[in-house]
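Biologist: Hello! I would like a close look at a single part of this structure, and then a walk outwards from there. Could you take me through it?

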Amino acid sequence: MMAQQRDMSIVIVGHVDHGKSTILGRLLADTGSLPEGKLDQVRERCRRNSKPFEYAFLLDALKEEQAQGITIDVARCFFATEKRKYLIIDAPGHIEFLKNMVTGASRAEAALLVIDAAEGIQENSRRHGYLLSLLGITQVAVLVNKMDLVQYDQEVFQKIRREYTRFLEQIGVTPSAFIPVSGMEGDGVAVLSEAMPWYTGSTVLEQLDAFVSEPAPKNRPFRMPLQGVYKFTRGGDDRRIVAGSILSGKISLGDEVVFYPSGKKSRVKSLERFSGEPPLAAAAGEAAGFTLEEQIFLRRGEVATLAREPKPSVARRFRASVFWLGRDPLTRKKTCFLKAGTAKVEARLAEVLQVIDASTLEQQNKNCLERHDVGECVFETQAPFAFDLAEEMAETSRFVLVDAFEIAGGGIIREALEDADTWLRNKLLVRNRKWEHSLVSPEERADLYNQHPELVIITGATGEERKSVAKALEKHLLHRGKKAYFLGMGNLLYGVDADLKKEGNGAAAFQDRKEHMRRLGEVAHLLLDAGLIAIVTARDLEEQDVAILRKAIAPSERSGITCLLGETSSSPNFRFDLRLERGEQPEELAKSLARHLGERGVFFAP
Ligand code: GTP
Ligand code: MG
């Protein structure tokens with residue numbers, strides 16, 4: 001609840017034990033944000049255990065996680081000044097928990113970076129500074145803490161200030177302020193200290209109020225990663241609500257929306273709300289739900305955009321600035337998952353362009369990213385996803401890398417790159433965007449036909465055998481009241497494919513096999529859109545052919561069923577959905593295939 005009312009989120013970072021929790025405890029105490037009696041209770045507990053009182057214990061007491069003595073998760077504290085409400089994210093300094101800072105910091109607008117005056121600048125003081133700059137957090141106040149330990153010596157403060165300013169300059173960060181403080185004694189936190197008459201700048205509290213709060217980016221292009229599509233089925237309510245959190249821009253009733261990576265388009269029919277009057281518009285910072293004019297099939301992971309605004313990139317290859325925190329190095333062999341918005345795709349490092357050590361800013365010569373390295377790399381994902389470039393839209397350019405269920409790195413995308421499928425994807429994007437939707441939705445059509453559309457691809461064996469099974473299947477299905485169509489390859493070759501160069505021997509040998517496959521996919525897509533079970537045969541089915549077909553029919557929600565007739569396949573590693581023994585009568589084989597379709601839920605009762 002509170003989190004929604006905050007005016008500003010701030011992350012506090014720094015090397016382990018430099019005093020983040022202590023300063024936070026102080027801030028809570030000095031702004032009167034602690035529950036009644038909490039301070040006394042913790043003091044009393046310390047006295048009973050003969051432990052010196054620590055302000056950091058206040059946080060622990062609030063969270064009851066004192067056990068380890070170090071903060072083990074990103075903690076959240078709320079407090080308010082007269083000016084506004086704050087959420088402070090305590091990102092632990094311990095190296096093991098650096099990754100928490102990454103997810104915590106990505107939502108913050110400003111940062112407090114704590115440096116121990118006695119210990120001076122440490123590795124993590126620099127790394128955290130670098131990560132803040134990488135994540136685009138440009139408002140940074142440096143708190144030189146534990147000034148009491150260095151007798152409030154101005155020279156110690158100035159030396160750290162000079163040294164750290166130089167470091168920040170190198171990474172393009174201009175600090176908002178350097179403040180000498182003692183979290184333990186309270187100097188410089190809420191009030192200036194008599195012990196440091198030489199310092200006349202602002203206190204930590206004043207500095208917090210001086211940070212500029214950036215309003216949610218309502219005037220930028222609309223971006224809403226899809227959380228999911230929720231169907232209401234009760235009481236004749238057949239609304240399907242597309243839901244998510246709006247990261248930027250705004251959306252209104254009647255707006256034309258395009259979803260990426262699919263490129264599907266429709267219009268906002270209604271905006272929805274759990275209770276109360278449905279709104280006419282929703283904007284950045286809000287969770288939103290809306291229904292569409294057409295019932296298009298959408299999945300979590302798509303990004304909703306507006307047709308009249310700049311498009312996001314859709315790609316499978318991109319250049320990014322990344323940091324790696326995983327125990328094992330990130331090599332080109334490793335596959336991990338990339339999460340951006342609500343999209344999750346398998347990803348792989350493709351090329352290392354540059355690696356630097358974030359604590360020294362030294363260039364390193366290697367072709368992998370080791371723990372704590374920061375670099376410029378090319379990544380490749382298994383499937384295309386939608387994103388923006390860091391310079392244009394920070395919110396939708398960030399991603400994290402997940403290795404073995406843990407966040408092991410992250411970064412921002414700098415450039416979208418082409419891959420082998422770009423040609424196909426671009427064609428499909430345009431086709432989906434321009435698609436004319438029928439008045440009958442795919443679901444309605446499926447209900448009327450008592451079946452889902454599906455593509456059945458039969459390969460293997462000789463041409464005659466394939467064709468007779470395919471035709472037998474068509475007949476078998478039609479005679480059982482199903483809607484099926486056998487699409488003979490020859491029917492395509494000299495019609496739809498008439499302009500394509502066919503070379504080599506055999507009717508189906510193509511110079512441009514990919515284009516042939518794309519067209520076959522388009523025709524299949526039409527048949528599926530008509531609600532039919534389309535049956536095609538193919539000679540040698542390569543994995544990349546099936547990939548093209550599957551992409552072409554993707555909007556229909558079905559992925560196609562591959563069936564190998566006999567033993568031999570030219571693609572030994574391809575996993576077929578079904579394998580049929582040769583030698584039986586085509587009718588018998590067709591029956592087995594039909595049974596398989598039934599098992600896959602293609603038909604419904606009756
Ligand atoms: P982690 O969460 O473990 O990374 O540490 P932290 O940065 O939150 O540090 P914490 O606030 O727990 O402080 C670490 C130690 O430094 C504690 O023993 C504090 O009492 C001590 N400390 C913090 N601030 C001051 C200060 O201003 N002066 C002195 N003398 N000690 C301090
Ligand atoms: Mg702490």
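Is T22 buried or exposed, and what does the part of the structure around it look like?

Modeller: Happy to help, and please keep in mind that this is a predicted model. T22 has a relative accessibility of 15%. Buried means under 20% relative accessible area, so T22 counts as buried. The residue is found in helix α2, which covers residues 20–30. Leaving out residues up to four places away in sequence, T22 touches E54, Y55, A56, G183 and M184.

R26 has its place in helix α2 too. With a relative accessibility of 11%, R26 counts as buried as well. Its contacts, again without the neighbours within four places in sequence, are Y55, G183, M184, E185, G186 and V189. Y55, G183 and M184 are therefore touched by T22 and by R26. One more arginine deserves a mention here: R43 lies over the face of F53, at 4.4 Å from the ring centre.

Now to the nonpolar packing. The largest nonpolar core has 73 residues, and I10, L27, I88, L112, Y164 and L208 are those with the most contacts inside it. Strand β4, residues 110–116, gives the most to this core, with 6 residues. Domain 1 (2–210) and domain 3 (313–423) both give residues to the core, so it lies between them. As for Y164, its contacts beyond four places in sequence are L113, I115, I121, S125, R126, G129, V142 and F178. There is also a second, separate core of 28 residues, and L541, V546, I553 and L564 are among them.

Strands come next. Strand β1 (residues 8–14) and strand β3 run parallel and are joined by 5 bridges. In this pairing, I12 stands opposite D90 of β3. Strand β3 itself, residues 85–90, is mostly covered, with 5 of its 6 residues buried.

You may also like the aromatic side of the model. A search of the whole structure finds 11 aromatic pairs. In one of them, the ring centres of F318 and F379 are 5.8 Å apart and the planes stand at 20°, so this pair is stacked. The pair links distant parts of the chain, with F318 in strand β15 (residues 313–324) and F379 in strand β19 (residues 373–387), 61 residues apart. F318 counts as buried, at 0% relative accessibility, and F379 counts as buried at 0% too. Both belong to one aromatic cluster, formed by F318, F379, F385, F387 and F399.

Further along the chain, V456 has its place in strand β22, residues 454–460. V456 is buried, with a relative accessible area of 0%. Its C-alpha atom is separated by 5.9 Å from that of G560, although the two residues are 104 residues apart along the chain. Not counting residues up to four places away in sequence, V456 touches L473, I533, A534, I535, V536, I561, L593 and L597. Finally, the charged end of K482 sits over the ring of F603, 4.9 Å from its centre.

To come back to your starting point: T22 is a buried residue of helix α2.

Key
Residues are numbered from 1 along each chain as its sequence is written. Chains are lettered from A and ligands numbered from 1 in the order in which they are written. This is a predicted model: local features need pLDDT of at least 70, side-chain atom pairs count only at pLDDT 80 or more; totals for chains, interfaces and linings use all residues. Side-chain values use heavy atoms; hydrogens and water are left out. Buried means under 20% relative accessible area, exposed over 50%, partly exposed in between (1.4 Å probe, protein chains only). Helices (H or I, at least four residues) and strands (E, at least two) are DSSP runs, numbered from the N terminus. Two strands pair if DSSP finds at least two bridges between them. A nonpolar core is a set of buried Ala, Val, Leu, Ile, Met, Phe, Trp, Tyr and Cys residues joined through side-chain atoms within 4.5 Å. Domain bounds come from an automatic or database domain assignment. Contact means heavy atoms within 4.5 Å. Rings of Phe, Tyr and Trp (its six-membered ring) pair if their centres lie within 6.5 Å; planes under 30 degrees apart count as stacked, over 60 as edge-to-face and the rest as tilted. A charge sits over a ring if NZ of Lys or CZ of Arg is within 6 Å of the ring centre and within 35 degrees of the ring normal.
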